[in-house]
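Let's take a friendly walk through a protein model together. Have the sequence and the 3D view open as you read.

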Amino acid sequence: EKSVIWKPAVVLALRFQNTFKGPQCRNSHGPRTSEAFGHGSSDGSCSFLCPTASGLKQVGESFPGYEVEPGVWCACSASRPPVTVLAATALVKAHLRAGLLSELPCGFPTVAVSIGFAVNQELEFGVIYHCTEERLYTGRRGRGAFCNGQRLRVSGETDISKALVLTEIGPKRDPATLKLFLSNMERLLHAKAHGVRVIGSSTLALCHLASGAADAYYQFGLHCWDLAAATVIIREAGGIVMDTSGGPLDLMSCRVVAAGTREMATLIAQALQTINYGRDDEK
């Protein structure tokens, strides 16, 4: 059954890509986060977090046999396991929240669609489509990770002095949060990290890690729909995804450390100060 759903998820990613790649998007304001994403069912059994707009109809067409409930974005069926589909358009999250799609007219290509699929809270596959460069990243549990059909492998770097570390600022801009964010970057540079970069999209940064172009990633303030698909892809590429405390990943905690090796992930986690963004399942 998971194989049956795999192909529609890829199709759905391409459909969302067309929605946000079209010319009408370049001259319009995007939705605020509160309007752009639905939330899960109240009992926590299953949820669908996704850009709303025309998404509901597309989900219903792409996942036949599942009842997709308006308002709660719940993809479920009494005869099937609890299913969670987490999806997002990674159009530079800060600008989405402000309702400004300024990167598109400027030609800044941080545009992607991200869809993660879980059964019984176990991530099964992820699909990420980098719209402007037409790169399709895919990962299925136990079956590997690929970009346009080419196998992905993480870098395997263990020496922080050779590591390129990626991060994103997160949505908060208050002085206390910015101080912690800059302090974390400073800590990594004092630890002799080769470089720390912000590229404007958590989803695409995580894809760079999976492909071996970067060696580590950390962030406070990203959401489960930013992370779900990339988690599968990174793990299937041989990488590690875990909590900033050094413990197992909690997808709802709004924080993550990912790296090509456990040694690198642990080094990054030990250097960080926590920035509290709450939890996705409490919002």
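Below we go from the whole chain to its cores, then to a helix, some rings and one loop residue.

**The whole chain**

This is a predicted model, so a good place to begin is how confident the predictor was. The average pLDDT of the protein chain is 74, and 61% of the residues score at least 70. In two stretches, pLDDT stays under 50: residues 66–83, where the model has 58 contacts beyond four places in sequence, and residues 89–105, where the model has 48 such contacts.

The secondary structure of the protein chain comes to 10 helices and 14 strands. Of its 283 residues, 55% count as buried. The accessible surface is about 12400 Å², and carbon and sulfur atoms hold 53% of that area. Look also at how the chain meets itself: among contacts with a separation of 6 or more, 66% are between residues 24 or more positions apart.

**The nonpolar cores**

Which residues have the most contacts inside the largest nonpolar core? They are Ile 128 and Leu 152, in a core of 34 residues. The elements giving two or more residues to this core are strands E5, E6, E8 and E14, together with helices H8 and H9. Helix H9 provides the largest share, nine residues.

Leu 152 is a handy residue to click on. Not counting residues up to four places away in sequence, Leu 152 touches Tyr 137, Ala 145, Phe 146, Cys 147, Ala 210, Ser 211, Ile 233 and Ala 237. A second core, separate from the one above, has 24 residues, including Phe 181, Leu 188, Ala 193 and Ala 265.

**Helix H8**

Why is H8 described as largely enclosed by the rest of the structure? The reason is that eight of its 10 residues are buried. These buried residues are Ser 202, Thr 203, Leu 204, Ala 205, Leu 206, Cys 207, Leu 209 and Ala 210. Just after H8 comes Gly 212, with a positive phi of about 90°.

**Rings and a charge**

How many aromatic pairs does the count give? The count comes to one. The pair is made by Phe 117 and Phe 125, which are stacked, with 4.9 Å from centre to centre and 5° between the planes. Are these two rings' residues buried or exposed? Phe 117 is buried because its relative accessible area is 1%, under the 20% cut-off. Phe 125 is also buried, because its value of 2% is under that cut-off.

Another ring has a charge as its partner: the charged end of Lys 172 sits over the ring of Tyr 277, 4.8 Å from the ring centre.

**A residue in a loop**

Where is Ser 161 found? Ser 161 is in the loop between strand E9 (150–151) and strand E10 (164–167). With a relative accessible area of 34%, Ser 161 is partly exposed, because this value falls between the 20% and 50% cut-offs. Leaving aside neighbours within four places in sequence, Ser 161 is in contact with Lys 192 and His 194. The C-alpha atoms of Ser 161 and Ala 193 are separated by 4.6 Å, although these residues are 32 residues apart along the chain.

Here are the three accessibility values for looking up in the view.

| Residue | Relative accessible area | Class |
|---|---|---|
| Phe 117 | 1% | buried |
| Phe 125 | 2% | buried |
| Ser 161 | 34% | partly exposed |

Terms used:
Residues are numbered from 1 along each chain as its sequence is written. This is a predicted model: local features need pLDDT of at least 70, side-chain atom pairs count only at pLDDT 80 or more; totals for chains, interfaces and linings use all residues. Side-chain values use heavy atoms; hydrogens and water are left out. A nonpolar core is a set of buried Ala, Val, Leu, Ile, Met, Phe, Trp, Tyr and Cys residues joined through side-chain atoms within 4.5 Å. Buried means under 20% relative accessible area, exposed over 50%, partly exposed in between (1.4 Å probe, protein chains only). Helices (H or I, at least four residues) and strands (E, at least two) are DSSP runs, numbered from the N terminus. Contact means heavy atoms within 4.5 Å. Rings of Phe, Tyr and Trp (its six-membered ring) pair if their centres lie within 6.5 Å; planes under 30 degrees apart count as stacked, over 60 as edge-to-face and the rest as tilted. A charge sits over a ring if NZ of Lys or CZ of Arg is within 6 Å of the ring centre and within 35 degrees of the ring normal. pLDDT is the predictor's confidence in each residue, from 0 to 100. Accessible areas come from the Shrake-Rupley method with a 1.4 Å probe; for residues, only the protein chains shown count as cover.
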